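Me: I'm new to this one, so could you walk me through it slowly?
Reply: Gladly; here is the structure to look at while we talk.

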Amino acid sequence: MRSIRIQMTMMLLMVATVLWAQSAYDYIVRDHSFSASNYCLYPDSTEFRQTPPPADKHPFYLSHYGRHGSRYLNSRVAYDTPYKMLCKADSMGLLTALGKQVKQQLKNIIDDSEGQWGDLSDIGKQQLKRIASRMMKNYPEIFEGQANIQARSTTINRCVMSMGTTVQQLIALNPKLNIDMNASKRDFWYLNHQDLQLRDSMKSKNATRVYNEFSKPREENPRLMKLLFTHPESLDKSISGKWLNYYLLKTAFIQPNTHIEDNTLLIDLFTNEDFYQYWLLENAWWYIQHGGSLLNGGHQPYAQRYLLRKIITEADSCISLKNPGAQLRFGHETVVLPLVCLLGINGFDLQTANLDVLESSGWWAGLVFPMASNIQFVFYRKDKFDTDVIFKVLLNEQEATLPIETDIAPYYHWRDFRRYYLKKLDDYDKVKNRQ
């Protein structure tokens with residue numbers, strides 16, 4: 001067993017070396033959309049590797065949690081903020097010709113998005129259809145015949161539509177499927193649990209102070225101000241360079257998720273350095289909010305402890321069935337990210353108080369929660385009587401690692417998983433109950 005642990009450790013070190021040999025900046029230079037954080041498009045143009053399971057094992061059950069697909073912005077605030085600033089500057093005669101073009105494009109985007117705030121876009125629907133098709137293609141044994149498919153979603157429209165689109169595609173590929181689909185507030189306790197105590201502790205005084213110190217030198221963009229305004233020094237205080245830069249970037253990044261992404265005027269305002277600074281700020285913000293940041297106690301991922309227990313309990317129940325099928329759950333990135341951190345997938349259980357080490361440690365949130373991001377547990381066994389059930393975990397359909405021992409990587413023994421994580425959850429509950 002010791003030799004196996006050493007081999008696994010060496011393998012993970014080699015994988016980490018390959019993955020993080022390049023900086024986030026290098027990734028951004030190749031593809032600036034990587035800096036979009038939770039606005040990243042789903043990476044389904046990449047190759048999805050499938051390692052053959054041990055001999056005689058075959059897939060029989062799939063447990064899933066997925067974020068909705070690409071969407072419009074949740075509200076017009078992110079559009080209105082820069083638009084109103086540009087309107088104010090225009091009324092003062094301070095907009096450059098480029099500034100006037102940007103103002104007009106913002107108006108066009110607002111008009112296009114009106115009435116669709118937060119809605120699933122056509123691009124989002126296509127993402128989900130392709131993911132569903134690959135599920136069925138990769139694991140046909142799970143979805144064959146009259147397989148049982150249970151689908152649950154939060155009641156947010158884009159999540160319900162994501163569930164419906166996925167199920168619709170599965171039925172198109174196999175009309176015989178037995179579908180149980182529902183979206184109800186009754187399931188919020190695990191699909192989108194909001195731990196008020198943990199949420200209130202996200203922005204501790206210490207975390208706020210450290211983040212402000214980290215972000216302050218990265219917030220302004222004097223170059224952008226000179227592009228948009230004839231005399232930036234004459235601007236009214238209501239025109240904030242910090243927020244103009246931030247919201248124009250957000251607007252630029254959300255556009256590829258809708259159908260009017262072909263106009264690149266907004267994204268062309270920015271440089272690779274601008275994208276990188278934005279990525280640093282967003283990545284640190286998400287780490288404090290949902291990662292294991294020691295600035296606020298390191299417990300934020302436990303907000304998804306109910307979901308993890310639900311996944312384990314339902315898997316135990318389904319394993320006892322002859323043909324359990326699949327369980328699909330649909331929600332949000334604010335669940336996907338902390339769940340990945342709680343599980344420690346690919347080292348995302350990192351705990352530190354130093355925001356400067358996130359990049360070198362490989363804690364890159366954009367790798368976890370692009371639009372349509374998903375976690376899949378795919379279970380294998382020889383037959384119904386096989387007591388050594390194994391599984392692999394996929395993050396955005398890529399085979400991933402967990403912080404537990406295995407002699408069959410990238411597969412794990414289910415008994416080892418449930419022992420490790422139930423203890424982890426029980427230990428947290430004991431500490432929480434003593435507080």
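Me: Before we go into the helices, what counts as a helix here?
Reply: Helices are DSSP runs of H or I with at least four residues, and they are numbered from the N terminus. Please also keep in mind that this is a predicted model.

Me: OK, and where do Glu213 and Arg209 lie?
Reply: Both of them belong to helix H9, which covers residues 205-215, and they sit four residues apart, about one turn of the helix. Their side chains meet in a salt bridge, with an N to O distance of 3.3 Å.

Me: Is Arg209 buried, exposed or partly exposed?
Reply: Arg209 has a relative accessible area of 43%, so it is partly exposed.

Me: How many salt bridges does a search of the whole structure find?
Reply: The search finds 26 of them. One of these is between Asp90 and Lys100, whose closest N and O atoms are 2.8 Å apart. Asp90 lies in helix H3 (residues 77-91) and Lys100 in helix H4 (residues 97-113), so this pair ties together parts that are ten residues apart in sequence.

Me: What about Lys103 and Asp90, how do their side chains meet?
Reply: They meet in a salt bridge as well, at 2.8 Å from N to O. Because Lys103 lies in helix H4 and Asp90 in helix H3, that pair ties together parts that are 13 residues apart in sequence.

Me: And how accessible are Asp90 and Lys100?
Reply: Asp90 counts as partly exposed, with 21% relative accessibility, and Lys100 also counts as partly exposed, at 43%.

Me: Switching topic, how many disulfides are there?
Reply: A search of the whole structure finds zero disulfides. Taking Cys341 as an example, the nearest cysteine sulfur is that of Cys40, and it is 16 Å away. A disulfide would need the two sulfur atoms to be within 2.5 Å, so Cys341 is left without one.

Me: Are Cys341 and Cys318 buried or exposed?
Reply: Cys341 is buried, with a relative accessible area of 3%, and Cys318 is buried too, with a value of 8%.

Me: Which residues touch the most other members in the largest nonpolar core?
Reply: That core has 102 residues, and the ones touching the most other members are Phe229, Leu248, Leu355, Phe379, Leu402 and Phe417. Helix H12, which runs over residues 272-290, gives the most to this core, with ten residues.

Me: What is Phe229 in contact with, leaving aside its neighbours within four places in sequence?
Reply: With those neighbours set aside, its contacts include Leu86, Ala89, Leu94 and Leu95, and also Leu235, Ile239 and Leu244. Apart from the largest core, there is a second, separate core of 27 residues, which includes Phe48, Ile149, Met163 and Ala372.

Me: One last residue, where is Asn174 found?
Reply: Asn174 is in the loop between helix H6 (157-173) and strand S3 (178-183), and with a relative accessible area of 11% it is buried.

Me: What does the side chain of Asn174 reach?
Reply: It reaches the backbone oxygen of Phe143, at 2.8 Å. Leaving aside neighbours within four places in sequence, Asn174 is in contact with Met136, Phe143, Glu144 and Gly145.

Definitions and conventions:
Residues numbered from 1 in each chain as written. Predicted model: local features only at pLDDT ≥ 70, side-chain atom pairs only at ≥ 80, totals over all residues. Heavy atoms only, no water. Salt bridge = Lys/Arg side-chain N within 4 Å of Asp/Glu carboxyl O. Helix = DSSP H or I, 4+ residues; strand = E, 2+ residues; numbered from the N terminus. Buried < 20%, exposed > 50% of the residue type's maximum accessible area, 1.4 Å probe, protein only. Core = buried A, V, L, I, M, F, W, Y, C linked by side-chain atoms within 4.5 Å. Contact = heavy atoms within 4.5 Å. Polar contact = N/O pair within 3.5 Å; in protein donor to acceptor, adjacent residues only side chain to side chain.
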